[in-house]
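Open the structure in a viewer and keep a selection prompt ready. The stops below each give something to select and then what is found there.

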Amino acid sequence: MARKLMSGNEAIAQGAWESGVAFAAGYPGTPSTEVLESLARYDGVDAQWSTNEKVAFDEGMGAALGGVRTLVTMKHVGLNVAADPFMVFPYSGTNAGFVVLVADDPGMYSSQNEQDSRYFAKMGKVPLLEPADAEEARVMIKAAFELSEEFETPVMLRTTTRLAHTRGIVEPGQREVVPRRAFSPDATQYAIPVYARFRRPELEDKLNRLREYANEFEWNVVEEGDPKIGVVTHGIPYQYVKEAAPEATVFRLGILYPLPEDRIKEFCARFDTVFVVEESEGFIEEEMARLGILNVIGKE
């Protein structure tokens with residue numbers, strides 16, 4: 001296909017369609033709205049607005065457990081509404097790929113607060129990916145579905161206003177044919193209270209395996225530059241770093257939870273001081289401090 005100029009939201013819809021998504025649900029709210037609006041125009045996708053974000057998430061869980069790749073969309077405050085199933089679903093795990101697109105709004109251009117959804121991912125033990133431009137968003141959502149199915153976990157794809165509404169060059173691909181997976185009627189798989197307690201150790205083991213996966217994730221990229229200036233960043237803030245300090249050596253994170261612990265320690269050991277550039281809260285900085293990385297200048 002010929003290259004196209006797309007917004008981040010349009011590119012996410014394109015990538016979801018290419019990934020073989022069969023069901024999508026959401027609740028409208030800037031800056032996430034156009035993802036579902038765009039996806040609804042593609043053939044082969046049952047896309048619908050739901051009564052609220054929790055209903056969208058519940059419907060999405062049903063579709064994914066039933067065996068089809070599923071996308072659920074909402075803005076950051078919508079995740080508050082969907083918090084109940086978001087926190088429970090990781091215990092049961094998914095069948096087919098399940099991605100929840102959450103669009104944060106740093107600066108509150110169209111929102112009543114400025115919460116940072118990265119903390120939800122950590123609290124729910126859900127892997128979190130974040131692209132840096134429209135083309136990366138198109139491709140990364142494919143990786144999100146593959147990750148979801150490999151680890152049988154929901155995956156959060158986080159965006160922000162600047163990514164959602166900024167246009168970039170995208171190279172559309174073809175739709176992947178994804179066979180429907182068989183539904184398992186085994187109740188012990190699901191987060192029913194009598195079984196959930198036995199699934200907690202499995203969830204912790206899965207998180208440990210995800211930490212190893214994070215070290216190999218292809219969108220964690222080190223861009224070499226001045227050996228005296230080290231920067232750790234992610235998503236749209238990466239674009240700001242490249243404009244303000246094009247000479248810096250930059251570690252651009254594609255997976256923010258769990259962090260690629262081994263690689264980030266190795267990177268930070270190269271510098272006397274490492275600058276962490278991120279929007280909203282100091283999530284990455286806090287996670288690095290938890291790892292014992294203290295040669296950091298960031299938001300805190």
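## Two cis prolines

Begin with Pro31, which sits in the loop between β2 (23–26) and α2 (33–39). The coordinates come from a predicted model. Show the backbone of Thr30 and Pro31: the peptide bond joining them is cis, with omega at about 15°.

Now select Pro258, in the loop between β12 (255–257) and α11 (261–268). Tyr257 is linked to Pro258 by a cis peptide bond, and omega here is near -10°.

## Helix α7 and its two ends

Select residues 134–151, which form helix α7. How far apart are the end C-alpha atoms of α7? They are 26 Å apart, in agreement with the 26 Å expected for 18 residues at 1.5 Å a residue. Colour the helix by accessibility: α7 is mostly covered, with 13 of its 18 residues buried.

At the start of α7, add the side chain of Asp133. One of its side-chain oxygens reaches to within 3.3 Å of the backbone nitrogen of Glu135.

Then move to the other end. Glu152 comes just after α7 and takes a positive phi of about 55°, although Glu152 is not a glycine. Glu152 belongs to the loop between α7 and β7 (155–160). Is Glu152 buried or partly exposed? Its relative accessibility is 45%, so Glu152 counts as partly exposed.

Lys125 is a further stop for the backbone angles. It lies in the loop between α6 (118–124) and β6 (128–129). Lys125 is not a glycine, yet its phi is positive, at about 60°. With a relative accessibility of 18%, Lys125 counts as buried; the cut-off for buried is under 20%.

## Helices α3 and α5

Select residues 53–65 for α3 and residues 83–92 for α5. Two packed helices are described by the angle between their axes and the distance between the axes. For this pair, the axes come within 8 Å and cross at roughly 30°. Because of that angle, α3 is roughly parallel to α5; angles under 35 degrees count as such.

Show the side chains where the two helices meet. The α3 side supplies Lys54, Phe57, Asp58, Met61 and Leu65, and the α5 side supplies Asp84, Pro85, Phe86 and Phe89. By class, this contact of α3 with α5 holds 6 nonpolar and 3 charged residues, and no polar ones.

Stay on α5 and show its buried residues: Ala83, Pro85, Phe86, Phe89, Pro90 and Ser92. Which elements cover the buried residues of α5? Among them are α3, α4 (76–81), β5 (98–104), α6, β7 and α9 (193–216). Just after α5 comes Gly93, with a positive phi of about 80°.

## Arg118 in α6

Select Arg118, which is part of helix α6. Its relative accessibility is 0%, so Arg118 counts as buried. Draw a distance from its side chain to the side chain of Glu278: the two make a polar contact at 2.9 Å. Next, expand the selection to residues that touch Arg118. Leaving out those up to four places away in sequence, Arg118 touches Leu128, Arg158, His234, Leu256, Glu278, Glu279, Glu281, Phe283 and Ile284.

## Three single residues

Ser7 is in strand β1 (residues 4–7). At 8% relative accessibility, Ser7 counts as buried. Apart from its neighbours within four places in sequence, Ser7 is in contact with Ala134, Ala164, Thr166 and Arg167.

Gly20 is in the loop between α1 (8–18) and β2. Its relative accessibility is 7%, and Gly20 therefore counts as buried. Which residues is Gly20 in contact with, its neighbours within four places in sequence left aside? They are Arg69, Arg175, Glu176 and Val178. Add Tyr91 to the view: Gly20 and Tyr91 are 71 residues apart along the chain, and their C-alpha atoms are separated by 25 Å.

End at Glu286, in helix α12 (residues 283–290). Glu286 counts as partly exposed, with a relative accessibility of 35%. Draw the C-alpha to C-alpha distance from Glu286 to Gly298, which gives 9.5 Å for a pair 12 residues apart in sequence.

Technical notes:
Residues numbered from 1 in each chain as written. Predicted model: local features only at pLDDT ≥ 70, side-chain atom pairs only at ≥ 80, totals over all residues. Heavy atoms only, no water. Helix = DSSP H or I, 4+ residues; strand = E, 2+ residues; numbered from the N terminus. Expected span 1.5 Å × (residues − 1). Buried < 20%, exposed > 50% of the residue type's maximum accessible area, 1.4 Å probe, protein only. Polar contact = N/O pair within 3.5 Å; in protein donor to acceptor, adjacent residues only side chain to side chain. Axes fitted to C-alpha atoms, helices over the stretch in contact; angles between N-to-C directions. Parallel < 35°, antiparallel > 145°, perpendicular 65-115°, else oblique. Contact = heavy atoms within 4.5 Å. Nonpolar A, V, L, I, M, F, W, Y, C, P; charged D, E, K, R; others polar.
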